[in-house]
Every structure is written in structure tokens, then in C-alpha cells.
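Visitor: I'd like a close look at a single part of this model, one chain taken by itself. Could you walk me through how that chain is put together, and then show me how the rest fits around that picture?

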Amino acid sequence: MAPFVLGLDPRRVLDVERAMDLALPGHLYAKSPIDMACWDIAGQAAGMPIADLMGGGSRTPRPIASSIGAKTVEETRAVIDRYRQRGYVAHSVKIGGDVARDITRIRDVEDIRRDGEIVLYDVNRGWTRQQALRVMSATEALNVMFEQPCETLDDIAAISGKHAAPVSVDESLVTLQDAARIARDGLAEMFGIKLNRVGGLTKAARMRDIALAHGIDMFVMATGGTVLADTEALHLAATIPDPNCHAVWACQEMITIDIAGGRGPRNKDGHLHLPEELGLGVHPDEQVLGDPVAVYT
Amino acid sequence: MRVNRITLWSVDLTSHETYYMADGKTCATVKTHVLCLETDTGLQGWGEVCPIPHYLPAFADGLPSAVTEMAPEILGVTPTGVDAPMRKLDGFLQGHLHVKSIVDIALWDLFGKATDLPLYQLLGGRTRRDMPLYHSITSIAPDEMARIAREAHATGIRQFQVKLGADADWQADAERLIRVREAVGASSLVYGDWNCGATKLQATRTGRAVAHLDVMLEQPCKTLEDCAAVRNATGLPMKIDEGAYDLASLLRAAELGVLDAVALKLSKFGGLSAMRRARDLTVHLGAEICAECTWGSDIVTAASLHFAASTPHGALLNTCDLSSYVSPRIAPDCPTRKDGRIAPPEGPGLGVTPDPRVLGTPMLKLE
């Protein structure tokens, strides 16, 4: 994509987006960092944080969702406790694979759930249709939410009339056409917007607008990465009205390297606060980054 | 028997005539990649993929890194039965269907050589002696396109794909279809292809201007829903290409009523294993199949011909001898067209022998 992007004005993010899309269909994860860097420059040039340049950023701190990858009831309790001690009020509990165990773990987590805690049960595409319906029916009285219960949107559509649980779509939300279909056909009540999967802030902002126009709430996250990726997601989250944005993520807490020396938004009582610096609001330490793998001029 | 060596080459293919499509997409000289998988018993299986620029979610220079990434999963595979190792590969690296295609074709070639059977036998058995070819006409001035159509007709071609949208002018597109339709006689099939490059409005205006003629439209817009709107507004049959790339999209296209015909391309679906599943579903859905690949030379042509030769009666629209559009020829023993038709190779596996002098020095060798 480099020959198509070099020479463009990075503040004109739509020009850059179109150039990338014409150069190479797909490859949204490779377009996402280019889009992010352009927004960073645009914000610095305009003298604003990205969220404000995008139309206005809420300063209400966003709850960070934990990521609970435990298997047994006891392990799940232990991991939730560890996150609670760091202030977390939002939890993404990974389930899937075994109907009986999934039901037991959901019941136990709901038993220990505190007032005001947000819990999302994330299946990560792990259920077939029958497994999904069995767990969803057994836990119906608990009024819980599930993320990406099955592999495809067709699967999620097939079960949608047969259960009462709110559903968030994550892995199957890739293009704006996906967002339009989910909204139009009523396949989900929540979008899990992952910036690297959907191709960056420019494309994610359109999904946000489709969600808001159809009464769909949101989680906004990076697929992985450092504080830079967390901060990008936080800017988009800040442009969503407070009641419609349920949680963000701090992937920075799961990795062993810090490329920004403690700068940028960090966990404060389980929340991330929008930075007031210009653009993205956090710069990496180039010495920690080391030698670049490629430079294009 | 296990795969114990992977070798990859890159070869520049130059089109005999530069090919223009909608949205400024062109095909002049493009890179194809050729893969050889060798077994500990000394068999060689060949694969090829050539993603043309700006068309698939794929780019040629990504091939070496993707093949390197998958190499630990490819080395050690026993190539008798290809679906199982390909499913495992799908779990290892999602997507990247064009890379799956080059690996899958090479595994099928080994499967055929190990069993001493041509691939059309392993793909279900031969259903026909030879297959009709279509000729794709680059999107240039309508007069010139009619000339190309007449020349192709004189060589026996009876199916014509008219590339549209090069100048985003709906009247020029209507003229292209009218002029080619006049040039090729009533029994020929003519279809106009926008490669996703039209809006619903442009495509509907063109379609309605030619609605009195016997023409089909192909993939005018990006989404299947928009293609369905064009089909409903024009009443013209529809061929889907870019919008059909897996079983779910085929089902969706059928549900929307746009699946009169469909291009099943190896690079788009991820090789012969995935294409065979798509073929069986397409036959069930009652659509006609264009069996081909995006671009390339003799290896993808041979794979397409075996696939086409084993497609059930009544379900094959046409196939494509991509190797006739480009030079150099990579495996000169691959069959060529005769009177607008072509037969599959006869030897075991793909039944073609790549020429080492054309391949040159490999860019990648993994053991």
C-alpha cells in the first residue's frame, strides 16, 4: 500500500482510506495502523485529542473489561477476585466447549456478581447452534449477555428467535455491510467493535453511527497490543454517548513490555481516562521499539 | 509418504493484450507464484496462484511470507486425501484463501500422482470430453470490442464476457453490450461484467437500455443485495463473481435470486477441496458454473480444466484457458484450445510438467 499512501495529506483520512481500499481489497488489520497514525497527525495538527476531532469526546472514564480465561468454577472466582482488587467492575468471562460446565460457571459467576458489575459471557464462536440454545435456555432466568455465541452471522440469525438473551457480535462484525445486516435483521443488541479487525477509526466510526441509529450498544477494543492500541480504542469509546458504551479493554495489562514508559491512559480504579494531549495523546519510546522492520519513502 | 520439501518461484506473466476493467483495474504484467511440494518418495506436486492487483483481498508479494508461516503445517503431511490437511491448515491460519489455493492444488497433484489417476477422476469422474471456453473482452471502445468478439467467434468461441465500466459511462456500457451482441450471432452467450465497479443506478440504466437483448449481467455492484436490486429492476439474468467465495455466500446469493450463474475461482475459494464443496452446493442450487481462477498460467489452467471436466452435466457454463492470455507458458504440455473448446490433461495428477528454465531460481526453499 505504501506507493498509494505516500504523498497524501494524512489529515485527509478519507483520501487515505480510499487509496488503501483501491490499492488492496481486504487486509483491514494492515490498514488499521495507517489510519490510526493519520488520525494522530490530524489531531496534533488541529491541536485536539482525536476524540474531540472526531466530533467530541466524553471525559467520563470508561470501565475496563477483564479477560477471564479460566476453566473451572474455582479458577474463575480466583481470577475475578484478582481483577476486582485492581478496581475492575467489568468482566469478560470466556466460556464455550462444554454445555454443562458452561451452565455451572455462569450460575456461579452470577451468584458472586456484585451490584453494578458488568459481565459479558464471551463464547468466541465456540458453540454450535444446539450448544448455544441449551446454555441460553438454562440460564434465561439469570438475564445474562453473550458475545459471539456461534461461528457465523447465519448461525447467530438461526438461533436469534429461539432465546431471550442479549447478544454481542464480535468476530462476525468486520465490514460496514456486516453492521448494516446485523442492525437491519436484529441479530444483536451489542457491537463488539475491534479497531484492528474493522480497519481503524475511520471505518469504526461508521459502525458506531449504525449502532446508535438502531439502539445497539457497544464495547470498543483493540484485538491486542500495547497502550497505543488501547488508547486508540479509548478515543472511539469517548465519542459514544456514555450510556451506550459499556466497556473498553486494557490489553497493556496482559503483556510484559511497555513501549511508552508508563505514559498514556492506565488502569485507574478499573477505568481508563481520555488523555488531554493532542492527537492520540501517547507516544512510544523509540528506543524500546528498536530498529524498524521497514521504512518506506 | 510425507511432504519433505517446499519450493516457491515467482514468474512475471505478461498479457498478450492489456486488460482493462472498471475502477481503473488493469492487468498488464503481473507476478504469478509456482509452488512445488516434494515427498520423501520423490513425487513432485505443483501449485500456482496469481492474484491480480486490486481484485481479491490478496497480493502477490505476500505469498512467500504466508507459505513460510504455514510451512510447519505443510511439511510432514501425507498427501493422500487433501480435505483433512487443508482443514487443519484452515485452523492454523484463518483466511488467506489464495495461499490455501496454491498449497491445495499441489497436494491434489501429489494425490493424483500417488494414485496414478488424473485429477478429474479423483474429483468425481469425467463427465465430458471437452468444455466450452469463454472469451473475456477488455473494456475499451465499443467498436474495438466488437472486433475482438468477431475474431474470437471466428476461432470457435461462443461465450463472451464483455468488461464494462472503464469510463463510468452507462451509455458506453450499453453500447458495448449492443455491439458485441450484434457481432457474435444469436446462439452465442453474451454477458457484461462490471467487477463491482457500478452503482445500482448506473447498472440499472445500462441494463434497461439492453433489456430487449439476450444478455446476462455480472457482479455490477459490491454487495449481493445491490446485485439483486439490479436483477429485479432490469429482469436480466445475473452471474455472481466477487460476491461468492464460500458456501454461505453461495447460499445467500441463491436466496436473493441472483445465482443464475457463478464464477468458481480456485484462488477465491481456497483450492480444489473448497471448490468441490462449492460445486456440489451450486449444482444443488441450480446455478451454472464458470470453472476458473483469477489469473495465471498452465498450472491453474490445468487445475481448472480437471475441475470443469468433472462438473456434472447441465451445471457447467464454461471454463477458461488463462495460459492463453499470458506469456510465458509455464508448462507447455498443458492442453490448448481448439475450435473454442478445450479438454483436460490426461496424465496422473494435474498432468502437466512445469519447465525449470521458465521457473528460474526459486525464491524460497524449506525442508
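Guide: Start with the contacts inside chain B: of those with a separation of 6 or more, 72% are between residues 24 or more positions apart. Keep in mind that this is a predicted model. Burial goes on the same page, with 55% of the 367 residues in chain B counted as buried. As for what the chain is built from, you'll find 13 helices and 15 strands in chain B. Its radius of gyration comes out at 20 Å, close to the 21 Å that the globule rule gives for 367 residues, so chain B is as compact as a globular protein of that length. If you'd rather think in terms of a box, the C-alpha atoms of chain B fill one of roughly 60 × 40 × 35 Å along the principal axes.

Now for the partner. Where the two chains touch, chain B puts in seven residues and chain A puts in nine. Sort the chain A side by class and you get four nonpolar residues, four polar ones and one charged.

While you're over in chain A, have a look at helix H7, which runs over residues 129–138. Its buried residues are A:Ala132, A:Val135 and A:Met136. Looking down the axis of H7(A), these buried residues fall within an arc of 100 degrees, so they line one face of the helix. And what sits over them? The cover for the buried residues of H7(A) includes helix H6 (99–112), strand S4 (145–147) and helix H8 (153–160), which belong to chain A.

Key: Residues are numbered from 1 along each chain as its sequence is written. Chains are lettered from A and ligands numbered from 1 in the order in which they are written. This is a predicted model: local features need pLDDT of at least 70, side-chain atom pairs count only at pLDDT 80 or more; totals for chains, interfaces and linings use all residues. A residue is buried if 20 or more other C-beta atoms lie within 10 Å of its own, exposed if 12 or fewer, and partly exposed in between; C-beta atoms are placed from the backbone. Helices (H or I, at least four residues) and strands (E, at least two) are DSSP runs, numbered from the N terminus. The arc is that of the directions from the helix axis to the C-beta atoms. Ala, Val, Leu, Ile, Met, Phe, Trp, Tyr, Cys and Pro count as nonpolar, Asp, Glu, Lys and Arg as charged, and the others, Gly among them, as polar. The radius of gyration is taken over C-alpha atoms; the globule rule is 2.2 Å times the number of residues to the power 0.38.
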